[in-house]
Amino acid sequence: RTGLAVELQELALHADPGRGRGLRVERDTARRDLHPDRTVGVVAADETRVHHLHLKVSGFIAHLYVAFEGQVVRAGEPMLSVYSPELLASQEDFLRAHAAAQKFSASPLPEVRQGGLDLLAAARRRLELLDVPASMIESLETKGQSQRNVILYSHHSGFVTAKDVYEGMQVEPGRELFTITDLSHVWIEADVFEAEAPLVELGLPASLTLAYDPSLRLTGKVA
């Protein structure tokens, strides 16, 4: 048999020679213009639309805004807040750099003024690389006060398909906290017999019906 992956917008063909062992296949010239009629398949996520949320520093989870798997999240919504000594220290470094840049701006020497700006830009860049939100950096500039907890936001919309984090737990850099999957675009992995594989061509139109609602019909193509 041959594996067939069907997408709502595309279909993708995956050959598996090992699944057809023991079968004898002969060319049937009378069926050259026919195509496989019906088969069954399962829904699979589009791997290009699966996103993972990690921390880049060690810290402690202060609060969870997403409580369970299956919850729908949208880009820009808060996921969790974290207390991290490293993030707190980076905020303090930014505040010192901001104060120095303001002080150096009054210097008559261009290199001194530029040095203050470079120092501030480096401190800002460090916060950005640690995923500190732009709104929080702006608050640091305007209020001049660091915040104990940092809120991290989702960059993607979708369903929470994995959650491995709880309030109060300690986390280390690289630990996967959430998996967010966009299910607005999925694949249907189906099977066709090896004898019918030569009849399946790229771009071939296909349609999908669901067992629980045969009246719903979706279309796609082989890719």
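Modeller: A residue is called buried under 20% relative accessible area, exposed over 50%, and partly exposed in between. In this predicted model, D131 has 30% relative accessibility and therefore counts as partly exposed.

Biologist: Where does D131 lie, and what is its phi?

Modeller: D131 belongs to the loop between α2 and α3, and its phi is positive, about 70°, although D131 is not a glycine.

Biologist: Turning to the interior, which residues have the most contacts inside the largest nonpolar core?

Modeller: Such a core is a set of buried residues joined through side-chain atoms. Here the largest one has 32 residues, and I61, L80 and F178 have the most contacts inside it. At least two core residues come from each of several elements, among them β5, β7, α2 and β11, while α1 gives the most, with five residues. L80 touches, among others, I61, V150, L152 and F178, when residues up to four places away in sequence are not counted.

Biologist: How many salt bridges are there, and which residues are linked in a network?

Modeller: The whole structure holds eight salt bridges, and D46, R49 and D182 are linked in a network of them. Within that network, the side chains of R49 and D46 meet at 3.5 Å, N to O; D46 counts as buried because its relative accessibility is 7%, whereas R49, at 27%, is partly exposed.

Biologist: Which parts of the chain does the pair E86 and R126 link?

Modeller: The side chains of E86 and R126 form a salt bridge at 3.2 Å, N to O, and the pair links distant parts of the chain, with E86 in helix α1 and R126 in helix α2, 40 residues apart.

Key. Residues are numbered from 1 along each chain as its sequence is written. This is a predicted model: local features need pLDDT of at least 70, side-chain atom pairs count only at pLDDT 80 or more; totals for chains, interfaces and linings use all residues. Side-chain values use heavy atoms; hydrogens and water are left out. A nonpolar core is a set of buried Ala, Val, Leu, Ile, Met, Phe, Trp, Tyr and Cys residues joined through side-chain atoms within 4.5 Å. Buried means under 20% relative accessible area, exposed over 50%, partly exposed in between (1.4 Å probe, protein chains only). Helices (H or I, at least four residues) and strands (E, at least two) are DSSP runs, numbered from the N terminus. Contact means heavy atoms within 4.5 Å. A salt bridge is a side-chain nitrogen of Lys or Arg within 4 Å of a carboxyl oxygen of Asp or Glu.
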